Amino acid sequence: MEIQLQALIDQIKRDGVEAAVAEAESVLKAAKEEAEKIISDAKAEAEKLLINAKNENDRMVKSSEDAIRQAGRNLLISFRESVAKEANAIVSENVTAVYSSDAFAQLVLKAVEGWAGKPDAEDISVVLNSEDLKALEDTLLAVLKDKMVKGVTLKANDNFDGGFRIAVNEGGAYYDYSAQAVVDMLSNYLSPKVTALLKEAE
């Protein structure tokens with residue numbers, strides 16, 4: 001009886017040890033799998049964070065480059081506009097100076113002579129503002145008479161500041177040599193040339 005009891009105790013011990021070993025192996029396996037999953041998830045999250053960080057960095061770099069390019073374009077446009085404005089001011093200043101000088105009467109006479117020589121030009125009128133007409137009337141009429149240029153009428157019109165207009169065929173056509181018209185014409189002529197020069201300098 002005593003032998004059977006000992007055998008039973010030994011059996012229980014063996015079964016207990018084997019069960020404990022099996023349980024330990026099971027826990028160890030589960031822990032290992034959980035650790036591997038945690039490591040795998042951590043790697044995936046790290047890769048995701050790295051990709052997101054790279055994408056954000058690329059976006060910021062592109063955004064910065066675009067902003068720099070746009071700032072450069074804005075600066076160039078502003079510079080071109082400034083140069084065009086300065087060129088326009090210089091042209092305006094020079095036209096005003098010429099139209100305020102003794103050469104103005106000669107310009108008017110040359111224009112009238114040019115139109116008087118055209119066979120289809122009849123009834124030529126020179127339109128000036130009141131101030132210029134008063135200052136130049138005697139001189140212009142005397143020179144036109146002296147040069148045998150007939151049929152020319154001088155008229156006043158204060159709708160423009162300086163310069164003159166020539167009307168032909170009873171006002172059927174106007175040719176504008178007013179200060180503003182000449183400034184606009186010269187500025188429009190110079191603008192593409194200034195732009196081309198600035199492009200060459202880029």
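**Sheet, helices and salt bridges in a predicted model**

Author: The protein chain has a mean pLDDT of 79, with 82% of its residues reaching 70 or more; pLDDT is the predictor's confidence in each residue, from 0 to 100. Because this is a predicted model, local features need pLDDT of at least 70 and side-chain atom pairs count only at pLDDT 80 or more, while totals for chains, interfaces and linings use all residues. Residues are numbered from 1 along each chain as its sequence is written, and side-chain values use heavy atoms, with hydrogens and water left out.

Reader: Thanks, that helps! Where in the protein chain is confidence highest?

Author: Helices (H or I, at least four residues) and strands (E, at least two) are DSSP runs, numbered from the N terminus. The lowest mean, 77, belongs to helix H4 (residues 179–201). At the other end, a mean of 86 is found in S3.

Reader: Let's turn to the sheet. Which strands stand at its edges?

Author: Four strands form an open sheet in the order S2-S1-S3-S4, with mixed pairing. Two strands pair if DSSP finds at least two bridges between them. A single partner strand for each edge strand means that one side of each is left without a neighbour in the sheet, and the strands at the edges are S2 (152–156) and S4 (173–178).

Reader: And how many degrees does the twist average from one strand to the next?

Author: Axes are lines fitted to C-alpha atoms, for helices over the stretch in contact, and angles run from 0 to 180 degrees between N-to-C directions. From one strand to the next in this sheet, the twist averages 20°.

Reader: How many bridges pair S3 with S4?

Author: Starting with the other pairing, strand S1 (residues 124–128) runs antiparallel to strand S3 (residues 163–168), and four bridges join them. In that pair, Ser-125 faces Ala-167 in S3, and Val-127 stands opposite Arg-165. Between S3 and S4, Val-168 is opposite Ala-173. S3 and S4 are also antiparallel, and their bridges number six.

Reader: How many of the residues in S3 are buried?

Author: Buried means under 20% relative accessible area, exposed over 50%, and partly exposed in between (1.4 Å probe, protein chains only). S3 is mostly covered, and of its six residues the buried ones number five.

Reader: Which helix lies across the strands of this sheet?

Author: Its contacts here are judged by heavy atoms within 4.5 Å. The helix lies across S1, S2, S3 and S4, and runs at about 15° to S3. Its residues are 103–116, and its label is H2.

Reader: Now to charged side chains, my favourite topic. How far apart are the closest N and O atoms of Arg-59 and Glu-56?

Author: A salt bridge is a side-chain nitrogen of Lys or Arg within 4 Å of a carboxyl oxygen of Asp or Glu, and the structure holds six of them. Arg-59 and Glu-56 are three residues apart in helix H1 (residues 2–99), which means they are separated by about one helical turn. Both are partly exposed, Arg-59 at 47% relative accessible area and Glu-56 at 35%. The closest N and O atoms of this salt bridge are separated by 2.7 Å.

Reader: Which residues are linked with Lys-62 in a network of salt bridges?

Author: One salt bridge here joins two residues of helix H1 that are three residues apart, about one turn of the helix, and its closest N and O atoms are 2.9 Å apart. Its arginine is partly exposed at 45% relative accessibility, and its aspartate is partly exposed at 30%. The network links Lys-62 with Asp-66 and Arg-69.

Reader: How many residues apart in sequence are the parts that Asp-176 and Arg-165 tie together?

Author: Asp-176 forms a salt bridge with Arg-165, with their closest N and O atoms 3.2 Å apart. Asp-176 lies in strand S4 and Arg-165 in strand S3, so the distance in sequence between the parts this pair ties together is 11 residues.

Reader: Moving to helix H4, which side chain makes a polar contact with the side chain of Ser-187?

Author: A polar contact is a pair of N or O atoms within 3.5 Å; within protein, one must be able to donate a hydrogen and the other to accept it, and residues adjacent in sequence count only if both atoms are side-chain atoms. Ser-187 is found in helix H4 and is buried, at 16% relative accessibility. At 2.5 Å, its partner is the side chain of Asn-88.

Reader: One last one: what separation do the C-alpha atoms of Val-182 and Val-95 have?

Author: Val-182 lies in helix H4 and is buried, with a relative accessible area of 13%. Leaving aside neighbours within four places in sequence, Val-182 is in contact with Val-95, Tyr-99 and Tyr-177. Val-182 and Val-95 are 87 residues apart along the chain, and their C-alpha atoms are separated by 7.5 Å.
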